[in-house]
Amino acid sequence: MSTLAHTMMTTARTADSGLAGPGELDRYPYGEVPGVDRLSASVWDGTDPELGRMGRRTAGSRGRGLHGQLVQQLGQMIVSGDLGADRPLVPEEIGQRFEVSRTVVRESLRVLEAKGLVSARPNVGTRVRPVSDWNLLDPDIIEWRAFGPQRDDQRRELSELRWTIEPLAARLAAGHGREEVQQRLGDMVEIMVHAMGQGDALTFSRADAEFHSLLIQVSGNRMLEHLSGIVSAALQVSGNPVTGCDRPTEASLGHHARIVDALAAGDGSGAEAAMRQLLTVHPEVERVVPAPREH
C-alpha cells in the first residue's frame, strides 16, 4: 500500500476556520437598532437546552471552537425554519442565550452572511434571508438541510445533481491521463477494499469521497472542479443507501475499479458507463436519513 493510501486510512483533512479579517467585526454591532423587534423568548426556548452552553458541544464540521459551534447551531435553526425568513437576529441576545462573546457572535454572523442565510444592513440590523437567497451548494447548508425537515428533498436533489455531473466528469477525466492521478485513484480503491474487509465504514466513506472529489478535479473543466466539494458533502450525508456508491459491496468496488481502468486506457465512454452503473439507484432500499454525524 502506498504512503498516500496509508495516510488516508489514519488521518482526515482539516477545514478552513472561516475567521473574519481586520475591520469586519463592526458590521454586526451590539445594542438596539431602531425599528427592529427583538426575538421572542419562545424562539430560543424551543431549542435544545444544551445549546445555551456552547462549550459542552463539539465544534461544527467546518469551524473551530465556539465560533464553529455557534455557526453550526444558528445555521441549523435557520435551515430548519426555527428562525424564519426576515426574522431579526439581535447579536446581544444571541450572545446572552448561547453564553458567548461579542467577537464569537460577530464572527458567526459574518460566516452565515457569506452563506446567504442572513443579511446585515445599517439601521435595519441582521435578519434571516429567504431560501431563495441561500447558497444551496454550500457544504454546510447541504448538511443542515439533509438533517432537517427538508431532508427528503435534499437527498433527491443531491442524487439528481450527482447523476448530472459525475458521469460527465468521468468521461472528461479519461482525456487527462496523468499517471499520478491514476495512482491516487487506485490508492482510494485499495483503501476501500481494505476498509470493507475490516468493516471500517468511516475509512471506506473517506476514501470514497476522496475518489469522487479527485475524479471531478481532474476532469479538466474548472467549473466542474468547483462542484467537487458538493459531491463530497453528498456522500457524507447520504444516509442509508440510495445509490451503489452508498454501500460498501463487491459490486461497488468493482465499478470503482472499472472507472480507474477506463481512465488508464483513455476510454471516456467506458469511464462514463462505469460511473452510471455505480450511481444506479436501488429502489428497494428505504430512503431514511440517520441522525447527524459526530464531528
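The expected span of a helix is 1.5 Å times one less than its number of residues, where helices (H or I, at least four residues) and strands (E, at least two) are DSSP runs numbered from the N terminus. The exercises below concern a predicted model, in which local features need pLDDT of at least 70 and side-chain atom pairs count only at pLDDT 80 or more, while totals for chains, interfaces and linings use all residues. Residues are numbered from 1 along each chain as its sequence is written, and side-chain values use heavy atoms, with hydrogens and water left out.

**Exercise 1.** Compare the reach of helix α9 with its expected span, and decide whether α9 is mostly covered or not.

*Solution.* Begin with the length: α9 has 17 residues and reaches 24 Å from its first C-alpha to its last, close to the 24 Å expected at 1.5 Å a residue. Next, take buried to mean under 20% relative accessible area, with exposed over 50% and partly exposed in between (1.4 Å probe, protein chains only). By this cut-off twelve of the 17 residues of α9 are buried, and the helix is mostly covered. Among the buried residues are Thr 203, Asp 208, Phe 211 and Leu 215.

**Exercise 2.** Describe the largest nonpolar core and the place of Phe 211 in it.

*Solution.* A nonpolar core is a set of buried Ala, Val, Leu, Ile, Met, Phe, Trp, Tyr and Cys residues joined through side-chain atoms within 4.5 Å. The largest one has 26 residues, and Phe 211 is one of those with the most contacts inside it, as are Leu 185 and Met 275. The elements that give two or more residues to this core are α7 (151–173), α8 (179–198), α9 (201–217), α12 (250–264) and α13 (268–278), and α8 gives the most, with seven residues. With contact meaning heavy atoms within 4.5 Å, and leaving aside residues up to four places away in sequence, Phe 211 touches Leu 185, Met 188, Val 189, Met 192, His 256, Ile 259 and Val 260. A second, separate core of 22 residues includes Val 79, Ile 94, Val 111 and Val 128.

**Exercise 3.** Work out the strand order of the sheet, and explain why β1 and β2 each have one side without a neighbour.

*Solution.* Two strands pair if DSSP finds at least two bridges between them. The open sheet of three strands runs in the order β1-β3-β2, with antiparallel pairing. Because β1 (88–89) and β2 (118–121) stand at the edges with a single partner strand each, one side of each is left without a neighbour in the sheet. Between β2 and β3 (residues 125–128) there are four bridges, and Ala 120 stands opposite Thr 126 in β3.
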